[in-house]
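Reader: I would like a close look at a single part of this model, the helical part, with its salt bridges and its packing. Please set it in the context of the rest of the chain.

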Amino acid sequence: IAAAQEGARAAAGEHGHESDGVQAANAFIKEAGGDDVLPGATTTASRTTTTVTVVVQGHSLSVIPGWSPVVRQEASVHVERLTAP
């Protein structure tokens with residue numbers, strides 16, 4: 001969830017883009033340990049005029065041999081924008 005939140009904040013800036021969110025989320029995952037903590041991680045982002053959503057999905061670490069559950073987290077925030085008073 002932290003990676004998705006980080007990505008959403010990055011993409012929600014007034015001049016932010018979906019790619020900013022994907023890059024920020026991927027950087028967070030890499031800093032946390034990359035494939036050692038979230039193997040097969042994928043990140044997607046979508047942005048409308050008012051909201052940005054970042055989804056991070058990957059396989060959770062498991063202590064049960066042969067079982068690799070998929071985890072999916074998403075974070076949505078409002079897009080920064082200036083409005084007239």
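Author: The count of salt bridges in this predicted model comes to 2. One of them joins Glu6 to Arg9, with 3.1 Å between the closest N and O atoms. Because Glu6 and Arg9 are 3 residues apart in helix H1, about one helical turn separates them.

Glu6 also belongs to the contact between the helices: on the H1 side are Ala2, Ala3, Glu6, Gly7, Ala10 and Ala11, and on the H2 side they meet Asp20, Gly21, Ala24, Ala25, Phe28 and Ile29. Sorted by class, this contact holds 8 nonpolar residues, 2 polar ones and 2 charged ones.

Two packed helices are described by the distance between their axes and the angle between them. Here, H1 covers residues 2-11 and H2 covers residues 18-32, and their axes come within 7 Å of each other. The crossing angle is roughly 150 degrees, and the crossing of H1 with H2 is right-handed.

As for the rest of the chain, the secondary structure amounts to 2 helices and 3 strands, and these follow the pattern α-α-β-β-β along the sequence. Strand S2 spans 51-59 and strand S3 spans 70-78, with Trp67 placed in the loop between them. Trp67 joins Val63 and Ile64 in making a nonpolar surface patch of about 380 Å². Taken along the principal axes, the C-alpha atoms of the whole protein chain fill a box of roughly 60 × 20 × 15 Å.

To return to the part in question, Glu6 has two roles in this picture: a salt-bridge partner of Arg9 and a member of the H1 side of the contact with H2.

Notes
Residues are numbered from 1 along each chain as its sequence is written. This is a predicted model: local features need pLDDT of at least 70, side-chain atom pairs count only at pLDDT 80 or more; totals for chains, interfaces and linings use all residues. Side-chain values use heavy atoms; hydrogens and water are left out. Axes are lines fitted to C-alpha atoms, for helices over the stretch in contact, and angles run from 0 to 180 degrees between N-to-C directions. Helices (H or I, at least four residues) and strands (E, at least two) are DSSP runs, numbered from the N terminus. A crossing is left-handed if the near helix is turned anticlockwise from the far one by less than a right angle, and right-handed if clockwise. Contact means heavy atoms within 4.5 Å. Ala, Val, Leu, Ile, Met, Phe, Trp, Tyr, Cys and Pro count as nonpolar, Asp, Glu, Lys and Arg as charged, and the others, Gly among them, as polar. Patches are made of residues with over 30% relative accessible area and no salt bridge: like charges are joined within 9 Å, nonpolar side chains (Val, Leu, Ile, Met, Phe, Trp, Tyr) within 5 Å. Accessible areas come from the Shrake-Rupley method with a 1.4 Å probe; for residues, only the protein chains shown count as cover. A salt bridge is a side-chain nitrogen of Lys or Arg within 4 Å of a carboxyl oxygen of Asp or Glu.
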